[in-house]
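How are the words used for a structure tied to the values behind them? The questions and answers that follow take a few such words in turn.

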Amino acid sequence: MERILVVDDEIEACDILKEFLTLKGYEVYTAHDGPTAITKAREVSPRIVLLDIRMPGMGGIEVLKEIKKMDPSIGVIMATAVADHDVAIKALELGAYDYITKPLDLDYLDTVILALKINYFS
């Protein structure tokens, strides 16, 4: 079973995504801040990370850098409520697979995860 780490400071968002992704057959872990996300990524070795960009303290870009240092093969999908072209470009340059905006369309998220698995891991 593939592991996905969902990182978002909004607990309700993590809960919804965990339920959705679990129903899709993934083993899902959650974190609500950057340092916890890094620790959890080390502990569970996720194949995919769904990472919020704007979080208090350590933001998603910093977490992305640390995750990619830890394991460049982890597929990271960045998510944010605020569309910011410059941040999207920076995230992609740092190795994120994609950048999606909130509110998340779960069908679209499912498609992005499938595309990531096909394009990134095969």
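**Contacts, cores and a helix pair**

Q: Which residues does Met78 touch, leaving out residues up to four places away in sequence?
A: In this predicted model, Met78 touches Leu51, Ile53, Gly60, Ile61, Leu64, Ala91, Ala96, Asp98, Tyr99 and Ile100, with residues up to four places away in sequence not counted. To say that residues touch here is to say that they have heavy atoms within 4.5 Å.

Q: What makes Met78 stand out in the largest nonpolar core?
A: That core has 21 residues, and Met78 is listed with Val7, Val49, Leu51 and Val76 as those with the most contacts inside it. At least two residues of this core are supplied by each of β1, α2, β3, α3, β4 and α4, and the largest share, four residues, comes from α3. Another core, of 17 residues, lies apart from it and includes Ile4, Phe20, Tyr26 and Val112.

Q: Why is α1 called oblique to α5?
A: The axes of α1 (residues 11-23) and α5 (residues 106-121) come within 12 Å and cross at roughly 55°. Because angles under 35 degrees count as roughly parallel and those from 65 to 115 as roughly perpendicular, with the rest oblique unless over 145, the crossing angle makes α1 oblique to α5. The crossing in which α1 passes α5 is right-handed.

Q: Which residues of α1 and α5 meet, and how many are nonpolar?
A: From α1, Leu17, Phe20 and Leu21 meet Leu106, Leu109, Asp110 and Ile113 of α5. By class, this contact has six nonpolar residues, one charged residue and no polar ones, and the charged residue is Asp110, since Asp counts as charged.

Note on methods:
Residues are numbered from 1 along each chain as its sequence is written. This is a predicted model: local features need pLDDT of at least 70, side-chain atom pairs count only at pLDDT 80 or more; totals for chains, interfaces and linings use all residues. Side-chain values use heavy atoms; hydrogens and water are left out. Axes are lines fitted to C-alpha atoms, for helices over the stretch in contact, and angles run from 0 to 180 degrees between N-to-C directions. A crossing is left-handed if the near helix is turned anticlockwise from the far one by less than a right angle, and right-handed if clockwise. A nonpolar core is a set of buried Ala, Val, Leu, Ile, Met, Phe, Trp, Tyr and Cys residues joined through side-chain atoms within 4.5 Å. Buried means under 20% relative accessible area, exposed over 50%, partly exposed in between (1.4 Å probe, protein chains only).
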